[in-house]
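Colleague: I have a model open and some questions about it. Can we go through them one at a time?

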Amino acid sequence: MHGVTPPSAGRQSCDFYDCSPDLCLLCSRPPLLPPELPSLPGPQLLPAVPGPRFRGAMTEVRREVFGQMPQEEGGGVVEKFILKSDTVKVEILSLGCIIAALETKDRDGKFSDVVLGFDTLEGYTRKHPFFGAVVGRVANRIAKGRFTVEGKEYQLFLNNGPNSLHGGARGFDKVLWSPQVLPNGVCFFRLSPDGEESYPGDLKVWVTYTLSGGELAINYRAQTSKTTPINLTNHAYFNLAGQGSQDVYDHEISIEADAYLPVDDTKIPTGEVAAVQGTGFDLRQPVELGKHLQKFHLDGFDHNFCLQQAQARRLAARARHPPTGRAMEVYTTQPGIQFYTGNNLDGSLKGKGAVVYPKHSAFCLETQNWPDAVNKPHFPSALLRPGEEYNHTTWLLFNAA
């Protein structure tokens, strides 16, 4: 199965970092769950250490307290992890593994924050469109919130019209994760219990962010006690002109896909795998987004593009902002990528620096399995079985020219 392998039997440690048998993501397999962790009532925070925590491969890693969850949400402490290289600075929260800020240089060496979000925790605890978050247990939409696994039908909460979206009412984006600092990043862990949001099986999940130079890697790993659908992605909203800029019409976009998935009026794939050739979905060569939307009379994109089926790292998409020279390349092991142009942003949310986010003021490139794959047998399988390991990585490479 794509991206699913049996877990390895042994563990190693490395000389680069003081590895324990429970955690070494730099040199071996994913951390196996420490035996005492499942019985603990919630995320276990390591003692906060002020200032630089680790410096490895020219990446600084710091942690600090970002805020405290409301009592009705459990009242836990939310930490912020700052990863910094010479060219990129990224801030990640233990709430939802949220990328809260991502600063990158333009051609003149000036840093700007290129992701949408909020200055304070309060913004993230209110309703928002998944800014920067890891979404799951199943990202994107499941038709009618219904699926059948091994003869048993499951009904999910409907939170997107007639469908279930991004894990349901309280998905992975709305919970605290347990962090572990690495020399060049941070690993987040959580146990999603059997029946959470009506999904089957205890699911152990690790999400690891590492920064090396201009490249941010996001690795997703999971193991389950029962067969379950799974589809993990990050929902960062990008504007390479800088967050708060009015629109992304002057961005150039290309996507390495020969096919895409047409959708019905509730955004569920019809089942057809359609060729992009001769359509407004042919983004194999760079297009200027605003002119392209006008030319093809499109209100925006919110579609899965079908990538080459291979487990190896490969280029999925490029975005470039010619006025500043900033560019981003997306590489992944996943079979699909959702290109979304912020069609539902409406200026009602006040973001960082008190700016508002109007329609088309950002884009998302969400690497993923194909939407509603659990109900489409001819789509790449979304099922993870006991004894297997879900393992996918996405790399975001930032540069300027």
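Colleague: How far apart are the closest N and O atoms in the salt bridge of Glu-91 with Lys-89?

Modeller: Keep in mind that this is a predicted model. A salt bridge needs a side-chain nitrogen of Lys or Arg within 4 Å of a carboxyl oxygen of Asp or Glu. Glu-91 and Lys-89 form one. Their closest N and O atoms are separated by 3.8 Å.

Colleague: Is Glu-91 buried or exposed?

Modeller: The cut-off for buried is under 20% relative accessible area. Its partner Lys-89 has 22%, so Lys-89 counts as partly exposed. Glu-91 has 14%, so Glu-91 is buried.

Colleague: Which residue meets Asp-173 in a salt bridge?

Modeller: Side chains of opposite charge can pair when their charged atoms come close. Asp-173 is buried, at 7% relative accessibility. The partner is partly exposed, with a relative accessible area of 32%. The N to O distance is 2.8 Å, and the partner is Lys-174.

Colleague: Glu-288 forms a salt bridge with Lys-291. What is the relative accessibility of Lys-291?

Modeller: The closest N and O atoms of this pair are 3.9 Å apart. Glu-288 is partly exposed, with a relative accessible area of 33%. Exposed means over 50%. Lys-291 counts as exposed, because its value is 55%.

Colleague: Which residues do salt bridges with shared partners join into one network?

Modeller: Glu-91 and Lys-89 form a salt bridge. Both belong to the network. The full set is Arg-62, Glu-64, Lys-80, Lys-89 and Glu-91.

Colleague: How many salt bridges does the count come to?

Modeller: The pairs above are among them, including Asp-173 with Lys-174. With the 4 Å rule, the count comes to 21.

Colleague: What distance separates the C-alpha atoms of Leu-397 and Met-328?

Modeller: Leu-397 lies in strand β29, residues 389-400. Met-328 is 69 residues away along the chain. Still, Leu-397 touches Met-328, and also Ala-327 and Glu-329, among others. The C-alpha atoms are separated by 5.5 Å.

Colleague: What volume does the largest pocket have?

Modeller: Rolling a probe the size of a water molecule over the atoms shows where empty space is left. For the largest pocket, the volume is about 800 Å³.

Colleague: Which residues of its lining are the closest to its centre?

Modeller: The largest pocket is lined by 36 residues. By class, 14 are nonpolar, twelve polar and ten charged. Helix α1 (121-125) and strand β26 (336-340) each supply at least two of them. The closest to the centre are Lys-127, His-128, Pro-129, Phe-130 and Leu-165.

Methods: Residues are numbered from 1 along each chain as its sequence is written. This is a predicted model: local features need pLDDT of at least 70, side-chain atom pairs count only at pLDDT 80 or more; totals for chains, interfaces and linings use all residues. Side-chain values use heavy atoms; hydrogens and water are left out. Buried means under 20% relative accessible area, exposed over 50%, partly exposed in between (1.4 Å probe, protein chains only). Helices (H or I, at least four residues) and strands (E, at least two) are DSSP runs, numbered from the N terminus. Contact means heavy atoms within 4.5 Å. On a 1 Å grid over the protein atoms alone, a cavity is a set of points where a 1.4 Å probe fits but cannot get out, and a pocket is an open set with protein on both sides within 12 Å along at least five of seven lines; lining residues have an atom within 4 Å of a point. Grid points are joined across faces, edges and corners, and a volume is the space filled by probe spheres set on the points. Ala, Val, Leu, Ile, Met, Phe, Trp, Tyr, Cys and Pro count as nonpolar, Asp, Glu, Lys and Arg as charged, and the others, Gly among them, as polar. Lists of a residue's contacts leave out its neighbours within four places in sequence.
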